[in-house]
Amino acid sequence: MRLFLPPEQFSTDTALITDTDHLHLVRVLRARVGEDLTLLDNSGNAYHATITQIEKHTTTAHIHHAVTLNSEPQLSLVVAQALGKGDKFEQVVQHGTEAGATLFIPLTTERCVVEVPHAKREARLLRWQAIAKGAAEQSGRLRIPRILPVMSFSQFLEWSARETAATSLLDVAPSTQSLHTYLSRFPTPPDSLAMAIGPEGGWSNTEVSRAKEANIERVNLGGRILRTETAALVALSQVLYHFEAYRPEQRA
């Protein structure tokens, strides 16, 4: 069992598990005294611990020693995902976290069919963060991906320029280059790589033009048209394969 805890709940050799983490541990995972845990502080540290006490509102664990996990990608992977119907963005967060994404940016674009009202954005962001936390625990991540507040496409372009991320726009147009071709031009992995994924109806001509003006290149994932909630997972997989498996000599 793996669990992320806030730093203030760690002491020298003890961890205190409270609130929803305690309830999840006891009611969902059915944890018992004597069971082992891997506790993570969301700063890259992991610890082997054993449950020593379970009370009504808290669980106490004894920390034995630090453990080494190599589950984080060697570059920061940013998924800027246009919002879609239903739970599509939640699927992107869950599966993208499992695949290795570092940061998610929910986007509103010209062809988005849904709009998150401003009054509900804070609650929605908290839900997305909870999904990322659960997926990070399940998949053995060392860090929970961050999720930024909802951005417009214009705000995303400003973010990309400010963060100097190597940014691409996923586009099914036949004239676009493959993601593999785009990645092959990097002699070494960039510090940060961002991929913008459009809504069900794709990018508008205006958005494509604005991306071109911002020197953001368009790339495709192959000859098949993917659902918007599938594209992020395929793109992340291709990027990680390219930099961590296709070019193993660069992993040092």
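**Arginine 30, helix α1 and two pockets**

Arginine 30 counts as exposed, because its relative accessibility is 55% and the cut-off for exposed is over 50%. Keep in mind that what we are looking at is a predicted model.

I start with this residue for its backbone. Arginine 30 is not a glycine, yet its phi is positive, at about 55°. You will find arginine 30 in the loop that runs between α1 and β3, just after the end of α1.

There is another residue of this kind. Asparagine 215, also not a glycine, has a positive phi of about 60°. Asparagine 215 sits in the loop between α6, residues 205-213, and β13. With a relative accessible area of 69%, asparagine 215 is exposed.

Now back to α1, which covers residues 19-28. Which residues of α1 are buried? They are Asp21, His22 and Leu25. These three lie on the same side of α1, because the arc they cover around the axis is only 100°. Asp19, Thr20, Arg27 and Val28, on the other side of α1, are exposed.

What do the buried residues of α1 pack against? Their partners are five strands and a helix: β1 (2-4), β2 (14-18), β3 (36-40), β4 (46-54), β5 (58-67) and α3 (118-139).

Next, the pockets. The largest pocket has a volume of about 490 Å³. Its lining is made of 20 residues, and those nearest the centre are Asp21, Ala130, Lys133, Gly134 and Glu137. Asp21 we have already met, as one of the buried residues of α1. The elements giving two or more residues to this lining are β1, α1, α3 and β8, the last at 146-147. Which element gives the largest share? That is α3, with 8 residues. Sorted by class, the lining of the largest pocket holds 9 nonpolar, 6 polar and 5 charged residues.

The second largest pocket has a volume of about 420 Å³. Here 22 residues form the lining, with Leu170, Val172, Pro199, Ile225 and Leu226 nearest the centre. At least two lining residues come from each of β13, residues 217-220, and α7, residues 228-246. The largest share is that of α7, with 3 residues. By class, the lining of the second largest pocket has 11 nonpolar, 5 polar and 6 charged residues.

To find your way around the model, take α1 as a starting point: its buried residues pack against α3, among other elements, and both α1 and α3 contribute to the lining of the largest pocket.

Methods. Residues are numbered from 1 along each chain as its sequence is written. This is a predicted model: local features need pLDDT of at least 70, side-chain atom pairs count only at pLDDT 80 or more; totals for chains, interfaces and linings use all residues. Side-chain values use heavy atoms; hydrogens and water are left out. Buried means under 20% relative accessible area, exposed over 50%, partly exposed in between (1.4 Å probe, protein chains only). Helices (H or I, at least four residues) and strands (E, at least two) are DSSP runs, numbered from the N terminus. The arc is that of the directions from the helix axis to the C-beta atoms. Contact means heavy atoms within 4.5 Å. On a 1 Å grid over the protein atoms alone, a cavity is a set of points where a 1.4 Å probe fits but cannot get out, and a pocket is an open set with protein on both sides within 12 Å along at least five of seven lines; lining residues have an atom within 4 Å of a point. Grid points are joined across faces, edges and corners, and a volume is the space filled by probe spheres set on the points. Ala, Val, Leu, Ile, Met, Phe, Trp, Tyr, Cys and Pro count as nonpolar, Asp, Glu, Lys and Arg as charged, and the others, Gly among them, as polar.
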